[in-house]
Amino acid sequence: MSIRPCALESKAFLALKEVYDHREARAAQWRSQGRKVVGQLGCDVPDELIIAAGMLPVRVYADPEKPLTETDKYLEYAFDPTVRAQFEKIVDGTYRDQIDYLAISNSTDVVIRVFLYLRELKRVEPDKPVPPIAFIDWLFTRHRLHQTRNEFVIDLFKQQMEEWAGREITDEQIRAAGKLCNENRQALREMAGLRHGQQVRLSGSEALVIIGAGLFMEKAEHTALVRQVTQDAAQWPVLTGPRVFYTGANQEDTALYDKIEAAGMVVVGEDTDWGERHYDRDYNPDYPVIRGIVDRYMLREFSAKKAFVSQRVEALDREVDAAGAQGVIFYTNQYDEVATWDMPSQRKSLNARGIKHITFGRMLWPVAKNEDLDEKLAGFAAEMKGGAR
């Protein structure tokens, strides 16, 4: 992990890095106190309702070191490799020992398929150690009729949270959770200001640690630590080198960013759910509570599933400019084809604007398996340095 000495001198950053590096510790502590933990698969599971129910939301993630013994029995090889690794931990009992329940949103088509496989597995092999599951079947179109249907879907999820919590969830509790989440998002946006523009003081790897720790710990504590890190980092040395924007596969660790930074580039932003997209829209407390949740999760920045290609092109152009990026890195894993639908049009727009870019497609996972990646990144960095705008 390419963390600079100045970051390691920050007590707040070290506290976040401890959570990021040991992701199960907070959930284990939470459960030891008799409280419940909800695993989240998919990026559109509402934190607000889980928190309002008195439970801790944590993100399901892949373990690159774990053999896929169970997964190979049930899933085809043509699944995104990170999803196959996530499935392994759900089916082999790892998550049964770490979470109480599993909430799945239909954020991508492959996640929907995972839910269907898990549902059938629970039916035909009920002794498998799969946690109880709730499925959130969002409609991603933005017509009012469809949003009304989404309010019905989220109310059903609220009822499931009440059943798991063993109590009613009040509107006041949801609004309080919404306020807590909004404060966390605002703190992360303030942190992101140190990544953007001409004077960049936070590296991409450091930002991933700060953002990612919040997926595994209590929001109030995370907010306080983020604010302290932002205050500390305002005094850190300015990073030099070509500034790049990252788009493509979620990065659940810093391995790829480490390589990008080792090549001399600075990652100033990304449109992934383990990065800046995680905090790009607030819960609206002026709406009825369920509508506020629907508004927050359905009107977030455009992902590939939620948008037309033209909208994805506009979104990338806008985010590249906001981050002050001089180039763009496209990166997708093997069998991860959704993002590639938008990339030809996005590259065409970048070309028209004179913004350099490089595409890495069908990459092996984990990142270390790609033997020529370092060389190609170094070549792109050299190209960027020769013609940065």
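Helix axes here are lines fitted to C-alpha atoms over the stretch in contact, and the angles between them run from 0 to 180 degrees between N-to-C directions. Helices (H or I, at least four residues) and strands (E, at least two) are DSSP runs, numbered from the N terminus.

This is a predicted model, in which local features need pLDDT of at least 70 and side-chain atom pairs count only at pLDDT 80 or more, while totals for chains, interfaces and linings use all residues. Residues are numbered from 1 along each chain as its sequence is written, and side-chain values use heavy atoms, with hydrogens and water left out.

## Two helix pairs

Let's start with helix 8 (residues 144–165) and helix 13 (residues 289–298), which pack at an angle of about 110° with their axes 9 Å apart. That angle makes helix 8 roughly perpendicular to helix 13; angles of 65 to 115 degrees get this label, while those under 35 count as roughly parallel, over 145 as roughly antiparallel and the rest as oblique. The crossing of helix 8 and helix 13 is right-handed, meaning that the near helix is turned clockwise from the far one by less than a right angle (anticlockwise would be left-handed).

Contact means heavy atoms within 4.5 Å. Helix 8 brings Arg144, Gln147, Asn150, Glu151, Ile154, Asp155 and Lys158 to the contact, and helix 13 brings Ile290, Arg291, Ile293, Val294 and Met298. By class, this contact has 5 nonpolar, 2 polar and 5 charged residues. Here Ala, Val, Leu, Ile, Met, Phe, Trp, Tyr, Cys and Pro count as nonpolar, Asp, Glu, Lys and Arg as charged, and the others, Gly among them, as polar.

Now for the second pair: helix 6 (residues 81–91) and helix 7 (residues 109–124) pack at an angle of about 25°, with axes 11 Å apart. That makes helix 6 roughly parallel to helix 7. Helix 6 passes helix 7 in a right-handed crossing. Val83, Phe87, Ile90 and Val91 of helix 6 meet Val110, Val114, Tyr117, Leu118 and Leu121 of helix 7. The contact of helix 6 with helix 7 has 9 nonpolar, no polar and no charged residues.

## Covered helices

Buried means under 20% relative accessible area, exposed over 50%, and partly exposed in between (1.4 Å probe, protein chains only). Helix 13 is mostly covered, with 9 of its 10 residues buried. Its buried residues pack against helix 4, helix 8 and helix 9.

In helix 11 (residues 219–233), the buried residues include His222, Leu225, Val226 and Val229. The buried residues of helix 11 pack against helix 2 (11–21), helix 4 (47–52), helix 9 (171–192) and helix 10 (204–213). The expected span of a helix is 1.5 Å times one less than its number of residues. For the 15 residues of helix 11 this gives 21 Å, and the end C-alpha atoms are 20 Å apart, which agrees.

Helix 14 (residues 309–323) also has 15 residues and an expected span of 21 Å; its end C-alpha atoms are 21 Å apart, which agrees. Among its buried residues are Arg312, Asp317 and Glu319. The cover over the buried residues of helix 14 includes strand 5 (243–248), strand 6 (266–270), strand 7 (327–333) and helix 15 (343–352).

## Single residues

Serine 10 sits in the loop between helix 1 (5–8) and helix 2. With 4% relative accessibility, serine 10 counts as buried. Leaving out residues up to four places away in sequence, serine 10 touches Val229, Asp232 and Trp236.

Isoleucine 133 belongs to strand 4 (residues 133–136). Isoleucine 133 and leucine 118 are 15 residues apart in sequence and 8.7 Å apart in space, C-alpha to C-alpha. Beyond four places in sequence, isoleucine 133 touches Leu102, Ile104, Phe115, Leu118, Lys122 and Trp164.

Some backbone angles deserve a look too. The table lists residues with a positive phi.

| Residue | Phi |
|---|---|
| Glycine 324 | near 70° |
| Tyrosine 335 | about 70° |
| Arginine 362 | about 55° |

Glycine 324 follows helix 14. Tyrosine 335 lies in the loop between strand 7 and helix 15, and at 39% relative accessibility tyrosine 335 counts as partly exposed. Arginine 362 is found in strand 8 and is exposed, with a relative accessible area of 64%.

Finally, a cis peptide bond joins tryptophan 365 and proline 366, with omega about 0°. Proline 366 lies in the loop between strand 8 (356–363) and helix 16 (373–387).
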